[in-house]
Structure formats: C-alpha cells, structure tokens
Amino acid sequence: MTKSTPAFSICVYCGSKPGNKPGFAQLAEQVGTWIGSHGGQLIYGGGRNGLMGLVAEATMAAGGAVVGIIPTALVEKEWAHRGCTELHVVDTMHERKRMMADKADAFLALPGGIGTFEELFEVWTWRQLGYHDKPVGILNSNGYYDGLMDFVAQVVQDGFMANWQIDLVTLGTEPEALLQSLVQKAGFSPQAKVELL
Ligand code: AMP
C-alpha cells in the first residue's frame with residue numbers, strides 16, 4: 001500500500017513534562033487527534049515523555065503521520081519514540097530545530113517550559129525577520145500564556161517592541177479552532193476524514 005501524502009504538516013512545541021493538571025494532557029490529546037483526523041502530519045521533538053508523547057500518540061491513534069526529530073544527546077533523556085512514522089536522530093539541537101521548522105507548514109505552542117518557550121520565540125523571531133512566513137500559534141487555554149502576553153504588552157509599552165510583532169502570532173483558547181485557523185492561514189483547507197466502514 002502506498003503511503004498517502006499528508007494534507008499539511010504542523011510543528012507542535014510543548015512540555016517534555018505532563019504538567020500537574022489533567023487539562024494539559026487533554027489539550028495535547030485534542031491537538032493530536034485533530035491533526036490525525038484531518039489527514040495531517042505532526043512534526044515534533046521525537047520524545048515519548050510529557051505532553052510531547054501524548055500529542056504524538058493521539059496523532060497516530062487518529063491516523064496521522066508523525067515525524068520526530070531528536071538530538072542524539074536526548075535520545076535517552078526524552079525517550080525517543082521508536083513508533084514514529086519517521087524518527088530522525090540528529091547531531092545537535094540547532095539541527096533539530098532547523099529541521100522541524102523546515103518540515104512544518106505552521107507552528108503551535110502548547111503549555112510547556114523553557115524548551116517550549118525557546119522554540120516558540122525562535123520561530124516568532126524568525127518570522128519577524130522574514131526567515132519564514134509560516135503561521136505561529138499559541139494555545140492559551142485556561143490562561144496558561146496570559147502572563148507571557150501581559151509581559152509582551154508591557155514590552156510594547158516600554159518601547160522595545162511594536163504591536164505588529166505581537167500580531168505575528170495567532171492566539172487561541174480552543175485547540176480545534178486554533179488549528180483550523182493556523183492551517184488555513186498556511187494555505188490549506190483540511191476536512192475531517194470520514195471513516196468508511
Ligand atoms: P520543555 O518545555 O522545557 O519541557 O522542553 C520542551 C522541548 O524543548 C524538549 O524537547 C527540549 O529538548 C526542547 N528544547 C528546545 N530547545 C531547547 C533549549 N534551548 N533548552 C532546553 N530545551 C530545549
């Protein structure tokens with residue numbers, strides 16, 4: 001059987017830990033399920049732990065392809081996911097992030113820690129510099145990123161940023177609506193796959 005081409009590829013950045021509220025896992029599963037059920041492909045850090053692992057599992061369970069990209073040094077620490085459709089073990093973190101960015105049509109940050117923030121800020125700043133023009137989304141469910149956005153608004157007040165730079169990211173509170181909007185902004189019109197029995 002030939003492998004079908006994914007309808008779109010979305011890079012998800014999220015915690016290598018699960019967080020301590022059940023809602024975090026649910027968000028990760030909703031994101032993966034939406035990607036898989038719309039014929040999409042997940043691009044992610046290739047680990048099995050935390051929210052990362054949950055997004056990957058949910059994408060695969062919904063029939064989507066998963067591309068994991070992990071640096072050699074993290075293969076043990078982040079439990080490289082050998083069940084991915086493609087698992088790329090690369091030499092450096094820079095290589096990982098470059099490959100993730102190149103393969104994606106859009107980016108989405110879920111709750112996470114400094115690794116997630118760093119990845120989000122990297123693609124946000126790359127967009128501001130014109131290195132790419134792919135949509136960048138922040139899933140701000142239950143106010144997880146309110147503090148960050150308040151801080152960024154203060155940075156505008158303090159004259160280090162302009163509002164157009166904030167407008168480069170798409171914020172949303174509902175996973176499905178935000179994913180739909182990002183994928184549409186990237187130029188795709190995904191439809192939910194109908195299961196033919
Ligand atoms: P975290 O949000 O800290 O749990 O990290 C989520 C993911 O970001 C993990 O797969 C980390 O390996 C990755 N990551 C990317 N860049 C960095 C970095 N500069 N420092 C730490 N983690 C990073």
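**Ligand shell.** I started with the ligand in this predicted model and counted 16 residues around it. The closest are Ser 16, Glu 78, Gly 113, Gly 115 and Thr 116. Then I looked up which helix gives the most to this shell: H4 does, with five residues. H3 and H4 each supply at least two residues there.

**Polar contacts to the ligand.** I went through the ligand oxygens next. A polar side-chain atom of Glu 78 is 2.7 Å from one ligand oxygen. From Gly 115 the partner is a backbone N or O atom, at 2.9 Å from a ligand oxygen. For Glu 119 I noted a side-chain N or O atom 3.2 Å from an oxygen of the ligand. I also checked the cover: the ligand alone exposes 490 Å², and the protein buries 78% of that. As for where the ligand sits, I found it in the largest pocket.

**Salt bridges, first pass.** Side chains of opposite charge can pair when their charged atoms come close. My count came to four salt bridges.

**Glu 78 again.** Having seen Glu 78 at the ligand, I looked up its charged partner and got Arg 96, with N to O at 2.8 Å. This pair joins distant parts of the chain: Glu 78 is in the loop between strands E3 (65–71) and E4 (86–90), while Arg 96 is in helix H3 (residues 93–103), 18 residues apart. Are the two buried or exposed? Glu 78 is buried because its relative accessibility is 11%, under the 20% cut-off. Arg 96 is buried too, at 3%.

**Lys 97 and H4.** One residue I wanted to follow was Lys 97, which forms a salt bridge with Glu 118; the closest N and O atoms are 2.6 Å apart. Why does this pair tie together separate parts of the sequence? Lys 97 lies in helix H3 and Glu 118 in helix H4 (residues 114–128), so the link spans 21 residues. I have Lys 97 down as buried at 6% relative accessible area, whereas Glu 118 is partly exposed at 40%. I also noted that Lys 97, Glu 118 and Glu 122 are linked in a salt-bridge network.

**Within H3.** Last, I looked at Arg 98, which forms a salt bridge with Asp 102 at 3.2 Å between the closest N and O atoms. Arg 98 and Asp 102 are about one helical turn apart because they are separated by four residues in helix H3. I logged Arg 98 as partly exposed, with a relative accessible area of 42%.

Note on methods. Residues numbered from 1 in each chain as written. Predicted model: local features only at pLDDT ≥ 70, side-chain atom pairs only at ≥ 80, totals over all residues. Heavy atoms only, no water. Salt bridge = Lys/Arg side-chain N within 4 Å of Asp/Glu carboxyl O. Buried < 20%, exposed > 50% of the residue type's maximum accessible area, 1.4 Å probe, protein only. Near = heavy atom within 4 Å. Polar contact = N/O pair within 3.5 Å; in protein donor to acceptor, adjacent residues only side chain to side chain. Areas by Shrake-Rupley, 256 points an atom, 1.4 Å probe, with all protein chains shown as cover. 1 Å grid on protein atoms, 1.4 Å probe; cavity = no way out; pocket = protein on both sides within 12 Å on 5 of 7 lines; lining within 4 Å. Sits in = over half its atoms within 2 Å of the grid points.
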